[in-house]
Amino acid sequence: MKPSSLSLLKFLRTQDSPLLRIRTMTITSNPSPVRDDLLCSDQQQQSDAQIEKPLEAAAPASLGAPGRVLSIDTRVEQAWAHWKKLGRPKYIVAPMVDNSELPFRLLCQKYGAQAAYTPMLHSRIFTETDNRNKEFTTCEEDRPLFVQFCANDPDTLLEAAKKVAPYCDYVDINLGCPQRIARRGNYGAFLMDNLPLVKSLVEKLAQNLTVPVSCKIRIFPNLQDTLNYAKMLEDAGCSLLAVHGRTRDEKDGKKFRADWGAIKEVRNALRIPVLANGNVRCIEDVEDCIKETGVEGVLSAETLLENPAVFAGFRTAEWAKDNEGEGYVDGGLDQGDLVVEYLKLCEKHPVPWRMIRSHVHKMLGDWFRVHPQVREQLNAQNILTFEFLYGLVDQLKELGGRVPLYKKRKIDTLQESP
């Protein structure tokens, strides 16, 4: 059974804090979901113009005429040629529902991210909804870009993919979402129970798009099942595979460590580029993962939400304290600074307020633990404005107790001359 648009909307709205309440306006127990779904722009009619078409020079490399079935050797050669043309990015923003939208992708890019995924888009709703451009926006600087869809019907997926193909470098199929809504909607990781359908989704895109098809998966409990799965995707036309090293049942990233060993085995078994996802808390984890697994690059999700400057080598206080002996010092940047930069990007590239509210809660989490009364002001604010949010950051800084981001101290190896 396909997921209804109502069920998806309910899921998206739950991404905001469940405690939302406020300070300077009429107090309500929750912000209006309708208002939070509006774009952060006074001109709501802008929704029809949100896809800012890139210049011709930024168009993805063609993979040949649609409908043409290529040999595996040719497809592998083209997969690597395309990946190398993009610069073989190592630091990648993972797809996150309501959280990897354009302004956040651009913020992460400023601080070291080299590629990014959009939030997961529902292929059927995307093809049916007039306001789909509120959920997918891009611009010339937003490259390399993976546009991710969930789907369980090949024709519907293709229709949606054709709408975004001119604006991205990969159309990605979500085969890894483990949430209950994915079970109800029969997509994401729950398609692992129907591999013939998965194969048909990949083949449909690979044979009919002029941009490469990528897939993001979770592993099976049995390694050989995972390898067979990955090989099937490669044979079906997948040009790049991202592997989350946890099973469908291992939803809690803090409780379950990602299996880098399984990712390594997938990397060794395939001929196309492979990316890793899981266990990334800092830039050193990225380098360790690449060294241990041999993958081309690493995706980060939850860590980036709290600290979008991870790929630039910054750590939050929590992770810096875990490595006190390694010489971490105040990096001259804090999460308040990042929120201000993010808000400026939102003013330039409007997105729904619910996304902004979620990011402010995540990025200022350390500060809110020091000043919980300011968090309550945000929770109580029914209608967000940029003026209110800039004022919130100013208030936190005036209250003191700044929580910096840390970087490893640069050690001067030059010896003083006698």
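Visitor: How do the residues lining the second largest cavity divide into nonpolar, polar and charged?

Guide: Happy to take that one, keeping in mind that this is a predicted model. The lining divides into four nonpolar, two polar and three charged residues.

Visitor: How many cavities does a search of the whole structure find, and how much space lies in the second largest?

Guide: Here is the general idea: rolling a probe the size of a water molecule over the atoms shows where empty space is left. In this structure the search turns up three cavities of 30 Å³ or more. The second largest holds about 50 Å³ of space.

Visitor: Which residues line that second largest cavity, and which elements give two or more of them?

Guide: Its lining consists of Arg105, Gln109, Ala113, Gln114, Ala115, Ala116, Asp142, Arg143 and Pro144. Two or more residues each come from α4 (102-110) and β2 (115-117).

Visitor: Now the packing, please. Which residues have the most contacts inside the largest nonpolar core?

Guide: Look for Leu233, Leu241 and Ile356, in a core of 115 residues. Setting aside residues up to four places away in sequence, Leu233 touches Leu175, Val198, Val202, Cys215, Ile217, Cys238 and Leu241. There is also a second, separate core of eight residues, with Val97, Met120, Ile181 and Tyr187 among them.

Visitor: What is the average pLDDT of the chain, and where does pLDDT stay under 50?

Guide: The chain averages 85, and 80% of the residues score at least 70. Residues 1-29 stay under 50, and the model gives them 78 contacts beyond four places in sequence. Residues 53-62 are also below 50, with 18 contacts in the model beyond near neighbours in sequence.

Terms used:
Residues are numbered from 1 along each chain as its sequence is written. This is a predicted model: local features need pLDDT of at least 70, side-chain atom pairs count only at pLDDT 80 or more; totals for chains, interfaces and linings use all residues. Side-chain values use heavy atoms; hydrogens and water are left out. A nonpolar core is a set of buried Ala, Val, Leu, Ile, Met, Phe, Trp, Tyr and Cys residues joined through side-chain atoms within 4.5 Å. Buried means under 20% relative accessible area, exposed over 50%, partly exposed in between (1.4 Å probe, protein chains only). Contact means heavy atoms within 4.5 Å. pLDDT is the predictor's confidence in each residue, from 0 to 100. On a 1 Å grid over the protein atoms alone, a cavity is a set of points where a 1.4 Å probe fits but cannot get out, and a pocket is an open set with protein on both sides within 12 Å along at least five of seven lines; lining residues have an atom within 4 Å of a point. Grid points are joined across faces, edges and corners, and a volume is the space filled by probe spheres set on the points. Helices (H or I, at least four residues) and strands (E, at least two) are DSSP runs, numbered from the N terminus. Ala, Val, Leu, Ile, Met, Phe, Trp, Tyr, Cys and Pro count as nonpolar, Asp, Glu, Lys and Arg as charged, and the others, Gly among them, as polar.
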